[in-house]
Amino acid sequence: MGLIKNWKPIVKRFEEKLTSWKARTLSFGGRLTLIEAVLVVAPKNKGGLGVGSLAASNKALMIKWLVRFKNEPASLWARSITAIHGDSRCHSYIPLKSSIGGVWKSIVNLGRKSQIQSINAGNSTLREMFPDLYELESDKRCFVSDRYIMNHESIDWFWGSGNPLSNANNIEEWAACLSILQNVVINRDSDVWLWKSSEKVADFAVSAVRNELDYIDTIKETKVLCWLHWIPKKVNCFLWRVVLDRIATREALMIRRFHLPSNQCILCNNTLESADHLLVSCETAKQVWLIIFQWMKLPIPSYMISVVQVLEIINSYKSQKNTKRAIYAVVAATCWNLWKMRNEIIFKQKAFSVAKLIGDIKAISFTWIKNRADLGELNWEKWRSFKI
Ligand SMILES: [Zn+2]
């Protein structure tokens, strides 16, 4: 892809799309077309041209600064950062004074999201595995080397915190922690930060991080979403935004610093309103899902936490192709109508009704499928008992 001529088709395609693009007035359908155009930047194994997304490239370049900060502590810029952001009370591996905004804050926040600062023990950090011990530890920034003694070939780990292990639960956690630590091989080199399996600091490559981010960023939607022509474009688009956590929930608005009278879920009024909570894990939403799953004659999932997980569950069913599509359409209709009802409660002061919601979901999904799918004999009687 190094030659300019190889980029020409992509540039041309973007130009075609952008000349008629008026972002502010773009409809969902229009946005969808734009999204389809943007898919050229997806990795090759995801059906794109393998150019790599600009957002992933940007994140990868930012992460490079974190790695350099840890591996070049003596450099002038790293010492400046420490002088500005360092704080003896801070327990983080990367210093940041959150009152000081700017590029460094963005970089560190990105690193926190990527868990780049964590010390891994298998799949998770010791801090995550033993939260009570972490809470008890008086020196949260102590080094690994402060907590063991090397006796010839063997290593003795000890609990060196100022706070003693006082109860049975802590002692049990410490025993579990020790059993993990005993398998750790200590070498005498100084500490370095490495990118996954690479063996040398110099092996850190922005392209490797970018590929990984491309993979992570695209996997959720491409794995669970299908662009089903049985449902309207705006609903396909809505579901896509839900999966990306891009709908205007109270949590999302709060993050964008909107002042709201409440950030609680309008359906249960006791949890922060996130997309996954409102559409799936809320107890009130679950009542709706329960009836919908029963109507579709599907087993009730033992637990439901997110929209992606619900889509994964329905993807895993082995059923006939059209049945699978109908199930997908009903799930989309359920999310769509939950969202619509939530808006009507907030903006039109309507009352919540499970029965009305169920009726709407069955009716709207029937209309979609009747008008858009080629299922000749489908009628309302059949649809009411979910016979396709
Ligand atoms: Zn709720």
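What percentage of the 388 residues in the chain is made up of buried residues? In this predicted model, buried residues account for 38% of the chain. The chain contains 17 helices together with four strands, and, of the contacts with a separation of 6 or more, 56% are between residues that lie 24 or more positions apart.

Among the buried residues of the chain, a set of 62 forms the largest nonpolar core, in which L279, W289, L311, I369 and W383 touch the most other members. At least two residues of this core are supplied by each of helix 10, helix 12 (275-281), helix 13 (283-295), helix 14 (307-316), helix 15 and helix 16, and the greatest contribution is that of helix 15, which gives 14 residues. The surroundings of one of these core members can be described individually: when residues up to four places away in sequence are not counted, L311 touches V224, L225, V243, Y328 and V331. Apart from this assembly there is a second, separate core of 19 residues, which includes A78, V108, L110 and L213.

Helix 10, which spans residues 233-243, is mostly covered, since eight of its eleven residues are buried. The buried positions in helix 10 are V235, N236, C237, F238, L239, W240, V242 and V243, and V243 is also one of the residues touched by L311. Helix 10 is followed by D245, a residue whose phi is positive, near 60°.

The packing of helix 15 against helix 16 was examined next. Two packed helices are described by the angle between their axes and by the distance between those axes. Helix 15 (residues 321-348) and helix 16 (residues 354-372) pack at an angle of about 130°, and their axes are 9 Å apart. Because of this angle, helix 15 is oblique to helix 16. The crossing in which helix 15 passes helix 16 is right-handed.

On the side of helix 15, the residues that meet helix 16 are A326, A329, V330, A332, A333, T334, W336, N337, L338 and M341, while helix 16 contributes K356, L357, D360, I361, I364, S365, W368 and I369. The residues of this contact divide into 13 nonpolar, three polar and two charged. I369, which takes part in the contact from helix 16, is also listed among the members of the largest nonpolar core that touch the most other members.

Definitions and conventions:
Residues numbered from 1 in each chain as written. Predicted model: local features only at pLDDT ≥ 70, side-chain atom pairs only at ≥ 80, totals over all residues. Heavy atoms only, no water. Axes fitted to C-alpha atoms, helices over the stretch in contact; angles between N-to-C directions. Parallel < 35°, antiparallel > 145°, perpendicular 65-115°, else oblique. Left-handed = near helix turned anticlockwise from the far one by under 90°. Contact = heavy atoms within 4.5 Å. Nonpolar A, V, L, I, M, F, W, Y, C, P; charged D, E, K, R; others polar. Buried < 20%, exposed > 50% of the residue type's maximum accessible area, 1.4 Å probe, protein only. Core = buried A, V, L, I, M, F, W, Y, C linked by side-chain atoms within 4.5 Å.
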